[in-house]
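I opened this notebook page to record how some helices pack and how some aromatic rings pair. The entries below follow the order in which I looked things up.

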Amino acid sequence: MATNASPAALKSMRAWLYTATRGGIEKNIKLVPDAPLPFTHTLPKDGILVKVHHRALNPADYKFPEMGLVGRAMISTPASPGMDFSGVVAQTGEAVNGFGVGDRVFGRIPPNKFGTLGEYVVAHRDGCAIVPEGVSLEDAGCIPTAGMTAYQCIAPNVKSGDKVFVNGGSGGTGTFGIQIAKALGCHVTTSCSEKNAELCRSLGADEVIDYTKEKVSEVLKAKGLVYQLVVDNVGSPADLHKAADHFLVPDGKFMQVGVENSLSEIKTLMARQLLPSFLGGGKRKWVFLMVQNNHEQLEQIATWMKEGKVKAVIDETFEYEDAPKAFEKLKTGRAKGKVVVKGSA
């Protein structure tokens with residue numbers, strides 16, 4: 001049963017916890033009825049205690065725990081995965097302004113042992129915002145990591161009229177990237193499979209490249225030096241950064257977001273970062289984005305959602321008790337948009 005006690009009376013909560021990830025996190029997380037709360041004794045002065053209603057999963061939610069010794073060094077176990085949340089404020093610290101008990105909120109917490117697959121999380125202002133009227137908690141809960149990642153890649157690097165290439169337009173970050181670029185007045189080219197092409201066009205993509213039938217790098221090179229920005233959510237094809245010398249303007253940026261936990265993908269990442277152009281590397285500026293929490297950006301994306309300029313694309317929503325199945329779906333790499341887990345029932 002869900003914990004219905006007042007915050008002051010809470011002693012524990014339900015949470016999905018893992019202590020090891022051998023064979024995959026989906027085979028190791030266990031639903032614990034009496035997990036410790038995400039704070040000891042008293043809520044931090046700047047803390048916002050949120051009862052989680054929805055959480056959208058991200059690849060980092062399993063990639064960090066599955067990094068072995070590195071993962072364990074970053075996050076002590078037992079731990080609950082998850083960064084994104086939406087829910088209702090249950091309690092606020094004495095120094096918190098702008099949030100009150102009962103407010104509908106959404107946001108992101110950095111990876112830590114008290115993740116959003118717990119019943120409660122402690123958020124802070126920089127990673128939390130009010131859900132606007134007319135926006136559902138489920139939709140708002142899809143924004144944080146994917147939405148802010150897309151925003152931080154795109155908004156500082158473009159102006160209205162610029163051309164943007166979003167590599168991998170049908171995933172969580174890609175679906176937000178297309179819409180945010182369009183909201184900022186950009187022309188958007190994206191890549192996806194044929195079955196997801198209509199989805200990407202419906203989100204505003206002006207051009208779609210079917211990577212299953214065409215060589216993405218060659219199609220882009222044929223267009224000439226017309227793109228101001230590349231957002232790579234995939235990490236492939238391996239030659240994309242080098243090829244950008246022929247389609248990304250000299251002062252443009254190549255923003256790297258996604259890469260698989262495979263040796264070949266890591267080699268590609270390292271080559272893009274370290275290999276100089278005279279040894280075969282790309283000439284265009286390459287940046288690996290590590291998303292940072294930002295209250296104002298959360299508010300902006302939520303405002304666009306209220307205005308109908310941005311929408312959440314949800315592939316599937318799972319019951320809380322089916323969280324392992326949600327990870328299985330996410331790890332297929334075939335989800336259209338976000339995979340969501342409901343709150344504890």
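Entry one, helix packing. I worked from a predicted model, and I began with α4 and α5, which are oblique to each other because their angle of about 50° falls in neither the parallel, the antiparallel nor the perpendicular range. I noted that α4 covers residues 144-154 and α5 residues 172-183, with the axes 8 Å apart, and that α4 passes α5 in a right-handed crossing. For the contact I listed A146, G147, T149, A150, Y151 and I154 on the α4 side, and G172, T173, F176, G177, I180 and A181 on the α5 side; these residues divide into seven nonpolar, five polar and no charged.

Entry two, the other partner of α4. I found that the axes of α4 and α10 (residues 295-307) come within 10 Å and cross at roughly 100°, which means that α4 is roughly perpendicular to α10. Here P144, G147, M148, Y151 and Q152 of α4 meet Q297, L298, Q300, I301 and W304 of α10, and I sorted this contact into six nonpolar, four polar and no charged residues.

Entry three, aromatic rings. I counted four aromatic pairs in the structure. One of them joins W16 and Y320, whose ring centres are 6.5 Å apart and whose planes stand at 65°, so I entered the pair as edge-to-face. W16 lies in strand β1 and Y320 in the loop between β14 and α11, so this pair ties together parts that are 304 residues apart in sequence. I logged W16 as buried at 6% relative accessible area and Y320 as buried at 0%.

How values were computed:
Residues are numbered from 1 along each chain as its sequence is written. This is a predicted model: local features need pLDDT of at least 70, side-chain atom pairs count only at pLDDT 80 or more; totals for chains, interfaces and linings use all residues. Side-chain values use heavy atoms; hydrogens and water are left out. Axes are lines fitted to C-alpha atoms, for helices over the stretch in contact, and angles run from 0 to 180 degrees between N-to-C directions. Helices (H or I, at least four residues) and strands (E, at least two) are DSSP runs, numbered from the N terminus. Angles under 35 degrees count as roughly parallel, over 145 as roughly antiparallel, 65 to 115 as roughly perpendicular and the rest as oblique. A crossing is left-handed if the near helix is turned anticlockwise from the far one by less than a right angle, and right-handed if clockwise. Contact means heavy atoms within 4.5 Å. Ala, Val, Leu, Ile, Met, Phe, Trp, Tyr, Cys and Pro count as nonpolar, Asp, Glu, Lys and Arg as charged, and the others, Gly among them, as polar. Rings of Phe, Tyr and Trp (its six-membered ring) pair if their centres lie within 6.5 Å; planes under 30 degrees apart count as stacked, over 60 as edge-to-face and the rest as tilted. Buried means under 20% relative accessible area, exposed over 50%, partly exposed in between (1.4 Å probe, protein chains only).
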